[in-house]
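Hi,

Here is the structure I promised to pass on. Have a look first, and my notes come right after.

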Amino acid sequence: MVRSRNTAATQTRKAAEHAVAEVLTPDVLLGWYSTMVLVRTLDERAWLLNRQGKAAILASSQGHEATQMGAVWAAVRYSPSLAIFPFYRGLATAIATGITPTEALLSILAKAGDPASGGRQFPLHGAVMTPKLKVINISNVVATQIPHAVGYALGCRMSGDPTVTMTTFGDGATSEGDWHEGMNYAGIYKLPVVFICENNGVAISVPQRKQMAIVNVADRAAGYGMPGVVVDGTDVMAVYEVVGEAVRRAVRGEGPTFIEAKVVRLLPHTSDDDDRRYRTPEELEDMKRRDPLKKFKEHLMEQGILTAQLDEQAHKEAKEHVDRATEAAEAAPFPDTGDFYDHVYASE
Amino acid sequence: MAVKSVIEAVREAMFEEMKRDPNVFIMGEDVGKRGGVFLATRGLIEEFGEERVIDTPLAESSIAGIALGAAMQGRRPIAEIQFADFIWPAVNQIIGEAARVRYGTKGVLHVPMVVRCPYGGGVRGGLFHSQSPEAYFAHTPGLKVVCPSTPYDAKGLLKAAIRDEDPVVFFEHKRTYRLVRGEVPDEEYVLPIGVADIKRAGSDITCISYGLMVHYCLEAAEMLAKEGVNVEVLDLRTVRPLDKEAILESVRKTSRVLIVHEDNRTGGLGAEVAAIIAEEAFGHLDAPITRVTGPDVPAMPFSPPLEDFFMPNPEKIAAGLRRVASY
């Protein structure tokens with residue numbers, strides 16, 4: 001794990017490591033692993049449904065799972081309540097927040113039972129609200145959610161709501177003006193926001209070297225007066241640790257943190273993209289070595305926590321779960337147009 | 001009743017709503033100690049503190065976007081865009097995002113925010129301090145767009161906008177701020193958004209307008225009265241949603257229509273109003289629906305003769321009324 005030279009982040013590191021050791025029992029880690037296997041299986045199934053012509057569009061989270069899931073798990077663990085403003089590549093984020101595979105597939109297949117928007121929006125866009133956990137993703141225009149998250153956190157502060165706000169985005173989003181404006185505002189008012197950049201090194205096809213003149217996006221955090229932390233985003237435990245730190249910093253009223261999680265995007269940008277036009281087979285092979293699921297599996301096996309038998313069982317259960325979910329979602333009805341004009345304005 | 005200016009009415013509306021509802025807050029450029037460049041927020045930071053009257057960085061997109069986020073959390077932000085000409089960086093957050101929240105979440109979330117914008121010309125403001133961008137917003141379902149013309153309307157409608165559960169873009173004509181004075185009741189009142197108002201009853205021609213132009217239409221109507229033509233002046237007050245019934249009712253009565261706006265002609269509000277009349281009251285018309293508008297040039301020039309050439313005025317409106325009357 002590489003860290004920028006930032007005192008606030010370093011000071012809290014020891015406490016964080018202690019807390020992590022406390023909660024990350026073998027059972028917890030095995031639970032994480034099973035859920036990551038489930039998400040990967042679901043993601044692969046969704047891709048298949050797209051190729052079958054049943055799902056119109058997908059942005060896969062394969063390669064981003066450790067960051068998306070580790071971040072949500074840490075934020076849920078360390079905040080009294082949480083509001084997440086994710087970006088469009090958030091299948092693993094969604095599952096970590098408790099959205100079921102069936103609900104996710106209802107959303108992916110644009111069925112009436114889509115919990116986020118009833119089939120009005122792209123998969124998993126809209127809002128899923130519970131008292132302790134709110135997932136708000138009203139748009140897939142890049143970086144527009146950054147000011148939303150900051151405004152939400154401002155509202156929380158004004159109303160004495162202890163909710164921590166977290167937002168996720170890719171490296172591409174950090175070129176947008178909204179990203180700068182939101183980061184700047186959060187820095188000025190020390191708002192309780194955790195910014196998570198899932199840096200997969202490519203904005204659709206444009207490599208990082210053509211997006212910015214620096215290696216670590218986190219270097220920019222200093223310009224907003226907040227800690228900038230770089231973490232290996234393919235290491236779920238490392239992500240859990242740094243996000244846990246950032247969330248506790250927010251809870252303590254010490255302000256926002258910027259986390260840059262270096263991840264890999266194992267598939268094209270979306271199901272409509274063909275990354276062979278801009279990535280070599282060698283690059284893809286290299287990325288597969290950093291597959292977060294593979295790395296976690298190897299780690300757990302080395303530690304003697306995961307066995308081949310348990311691994312097989314996790315995959316079998318995931319497949320069965322996703323099979324059931326697929327069957328249910330495929331059988332579910334599409335939205336009808338009866339409420340087509342509803343929710344343009346508040347009803348009188 | 002006291003006689004007040006538009007800017008006083010706007011300030012009073014915000015003051016009263018902030019007193020009434022602790023969720024209401026203001027954010028924008030120079031809204032704090034400066035009191036806003038037009039002094040719309042003068043005295044508010046002293047009364048409500050800097051937590052509820054927030055001086056923001058010079059960043060219009062996030063003024064709107066942060067207000068949007070706070071509104072989704074349950075606050076009632078009033079975001080001030082210093083001049084309507086500076087609203088373009090915020091357009092994505094207002095039109096692209098805020099307008100679509102309720103529809104895109106099937107009503108799970110909504111955005112009770114107001115974006116206040118001083119707009120309009122006739123103030124020697126040149127290209128970038130004179131614009132009238134209301135039509136861009138009026139095109140967008142999910143938004144409400146209000147353009148009051150008098151102190152009474154400005155106060156009552158701004159209070160309604162702050163209480164509204166949906167995003168409202170509230171355009172205040174800069175030239176009316178201190179020029180237009182009128183009676184404002186001492187007691188509490190709120191005016192409904194989406195309801196037009198007959199500012200002058202008449203029987204021969206319906207003159208439809210909003211904002212500063214309403215006053216010029218009233219002046220033109222007086223000129224025509226001396227010529228024996230009785231003009232009804234209908235102030236739309238809200239340009240989205242349009243008060244279709246009020247428009248049609250007046251047109252059915254007079255059978256002749258002149259539409260006036262300062263915004264340029266093509267795709268302006270006049271086009272929509274004309275389409276409504278053509279679709280729903282065609283049989284009542286005795287003359288072509290006619291428009292007096294700003295010309296189709298990119299913006300209002302700075303130099304006095306050029307600005308005057310751009311601006312509709314009572315004489316130009318009177319000429320338009322005569323054309324319609326004599327058809």
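Below is what I found, starting with a helix pair and then moving to the domains.

A bit of housekeeping: this is a predicted model, so local features need pLDDT of at least 70 and side-chain atom pairs count only at pLDDT 80 or more, while totals for chains, interfaces and linings use all residues. Residues are numbered from 1 along each chain as its sequence is written, with chains lettered from A and ligands numbered from 1 in the order in which they are written.

Helix H7 of chain A (residues 145-159) packs on helix H3 of chain B (residues 60-73) at about 50°, the axes being 6 Å apart. (Helices are DSSP runs of H or I, at least four residues, and strands are runs of E, at least two, numbered from the N terminus; axes are lines fitted to C-alpha atoms, for helices over the stretch in contact, and angles run from 0 to 180 degrees between N-to-C directions.) That angle makes H7(A) oblique to H3(B).

Residues meeting there include Gly151(A) and Gly155(A) from H7(A), and Gly65(B) and Gly69(B) from H3(B); contact means C-beta atoms, placed from the backbone, within 7 Å.

Chain B is divided into domain 1 (2-184) and domain 2 (197-326), with bounds from an automatic or database domain assignment. Their centres, taken over C-alpha atoms, are 26 Å apart. The contact takes 26 residues from domain 1 and 24 from domain 2. Elements giving two or more residues to the domain 1 side are helices H6 (134-138) and H7 (151-163) and strands E6 (144-146) and E7 (168-173) of chain B.

Cheers

How values were computed: Parallel < 35°, antiparallel > 145°, perpendicular 65-115°, else oblique. Contact = placed C-beta atoms within 7 Å.
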